[in-house]
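Trainee: Hey, I've got a new structure open and I'm not sure where to start. Can we walk through it together?

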Amino acid sequence: MLYQLYDFHQSALVPWRLLGDMTRSFISHPFVPASYTHFGRSLAAGLEVMESATRQRGKPAWRVDSVKIDGETRAVERKVVARLPFCELARFRREGATADDPKVLLAAPMSGHHATLLRGTVEALVADHEVYVTDWIDARNVLLEDGDFGVEDYIDYLLRFMRKLGPDLHIVAVCQPAPLVLSAVALMAASEDPAQPKTMTLMGGPVDPAAAPTRVTELADTRPLSWFEQSVLTRVPAYYAGAGRQVYPGFLQLGGFISMNASRHFDAHVKMFRHLVQGDGDSVDAHRRFYDEYLAVMDVPAKYYLETIDRVFQRRLLPRGEMTWRGLPVEPAAIEHTALLTVEGELDDISAPGQTLVAHALCSGLSAARKQDMLQKGVGHYGIFNGRRWREQIKPAIADFIRAQA
């Protein structure tokens, strides 16, 4: 019922958005005298902000079509190289790529946002790497007959992709999948799998949430698992391909994202309004690009959502040495050949500094020469993998680590 109510609300807003768009087009027309007045500009700006804040967005396009290298533009080709029910493995390769380019598997989070949130991550890496991304499919579009998807299935997918791309592979986990990537690599090490990756980079992920509690970890700790099951899960309505599938809907996840920093998002829309009134097109475009990505959300399989809360946040199975996969123990100490780099952001309020660093103690089988950690000053969670400091400081450090360990 929750999903249907949300869709009804969105549908009910359509006539008002259309009316607002028509009014904005009229009041902004150069032949209308009011378009030159402060009142006219303010009305048009307010209507555009309302439309931006209430519009329902689909999955954004990747838009990684080219990259600049030494002032020269090179085309970038995106190709899906593997398809599974819940994920497409996408490859990004630039024009002029060579066999010396390290292969990087970018493990995107399945946490409500589309993998396209890592667009900036891919754009920076593809300049000197061959990049593969786990492009997760919106759970509401996955047929019920394709079965369920949980934490162990995520690890299954990682193992399958690493074996397809290995052994000369480097894996990078962004945020949520850090403990699952660590688990998958540990399983490969324990079985002496020849496809073990050469390096593993864990970026701002909850390897041990208790190492540095945040509002996210406190929410998981203060409520029983049954509360999440009863309060935030719903079934996909009949008019979607995944009808009947139980999911954690993207619109609830988005509400959680925004509530954590409500004043910041309110201020951003106020600034957008002022820029529109002032005619500052560049600032408005930057705002639109960010929110078109940030407000585009996807549904997460209910089983994966609940198991993440249970196994990663509440029981903390990996740091306690109790994590298992298909009945097998997960032992990070078995890792001896995959070098480890952890990256954390000083201002990260989702996976605070210390949560990812724990991986070094867990990987006790690695020598000090094959471990490296990086704490980036002045960045929050998203600044770890997007933005100027990512491009200028973090990405070069990862590239140097990959080449040094290869």
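Mentor: Sure, we'll go from the whole chain down to a few single residues. Keep in mind that this is a predicted model.

Trainee: OK, how many helices and strands are in the protein chain?

Mentor: The chain has 13 helices and 14 strands.

Trainee: And what share of the residues count as buried?

Mentor: 53% of the 406 residues. The accessible surface comes to about 18300 Å², and carbon and sulfur atoms make up 54% of that.

Trainee: What about contacts between residues that sit far apart along the chain?

Mentor: If you take contacts with a separation of 6 or more, 76% of them join residues 24 or more positions apart.

Trainee: Since it's predicted, what's the mean pLDDT?

Mentor: The mean is 84, with 76% of the residues at 70 or more. Watch residues 265-284, though: the pLDDT there is below 50, even if the stretch has 33 contacts in the model beyond near neighbours in sequence. Where pLDDT is low, you shouldn't read the predicted coordinates in detail.

Trainee: Noted. Now the sheet: in what order do the strands run?

Mentor: It's an open sheet of 9 strands, ordered β1-β2-β3-β5-β4-β6-β7-β13-β14, and the pairing is mixed. At the edges you find β1 (66-69) and β14 (371-376), each pairing on one side only. From one strand to the next, the twist averages 20°.

Trainee: Do β1 and β2 run parallel or antiparallel?

Mentor: Antiparallel, with 4 bridges joining β1 to β2, which spans residues 72-84. To see one of the partners, find S66: its bridge partner in β2 is A75.

Trainee: Which helix packs on the sheet?

Mentor: Look at α13, residues 388-405. This helix touches β4, β6, β7, β13 and β14, and its direction makes about 155° with that of β7.

Trainee: Switching topic, how far does α5 reach from end to end?

Mentor: Helix α5 covers residues 178-190, and its first and last C-alpha atoms are 18 Å apart, close to the 18 Å expected for its 13 residues.

Trainee: Is α5 mostly covered or mostly open?

Mentor: Mostly covered, as 12 of the 13 residues are buried. Among them are A178, L180, V185 and M188. Just past the helix, E192 takes a positive phi of about 55°.

Trainee: You mentioned L180. What else is it involved in?

Mentor: L180 is in contact with Y304. Besides L180, Y304 touches M110, F149, G150, V151, Y154 and Q176, leaving aside its neighbours within four places in sequence.

Trainee: Where is Y304, and why does it count as buried?

Mentor: Y304 lies in helix α11, residues 302-314. Its relative accessible area is 1%, so it falls under the 20% cut-off and counts as buried. In space, Y304 and D153 are 8.5 Å apart, C-alpha to C-alpha, though 151 residues separate them in sequence.

Trainee: Got a residue outside a helix for me?

Mentor: Try M298, in the loop between α10 and β10. M298 is buried too, with a relative accessible area of 1%.

Trainee: Which residues is M298 in contact with?

Mentor: Leaving aside neighbours within four places in sequence, M298 contacts G112, H113, H114, W136, I137, D138 and G250. Also, the C-alpha atoms of M298 and A115 are separated by 9.9 Å, with their positions 183 residues apart along the chain.

How values were computed
Residues are numbered from 1 along each chain as its sequence is written. This is a predicted model: local features need pLDDT of at least 70, side-chain atom pairs count only at pLDDT 80 or more; totals for chains, interfaces and linings use all residues. Side-chain values use heavy atoms; hydrogens and water are left out. Helices (H or I, at least four residues) and strands (E, at least two) are DSSP runs, numbered from the N terminus. Buried means under 20% relative accessible area, exposed over 50%, partly exposed in between (1.4 Å probe, protein chains only). Contact means heavy atoms within 4.5 Å. Two strands pair if DSSP finds at least two bridges between them. Axes are lines fitted to C-alpha atoms, for helices over the stretch in contact, and angles run from 0 to 180 degrees between N-to-C directions. Accessible areas come from the Shrake-Rupley method with a 1.4 Å probe; for residues, only the protein chains shown count as cover. pLDDT is the predictor's confidence in each residue, from 0 to 100. The expected span of a helix is 1.5 Å times one less than its number of residues.
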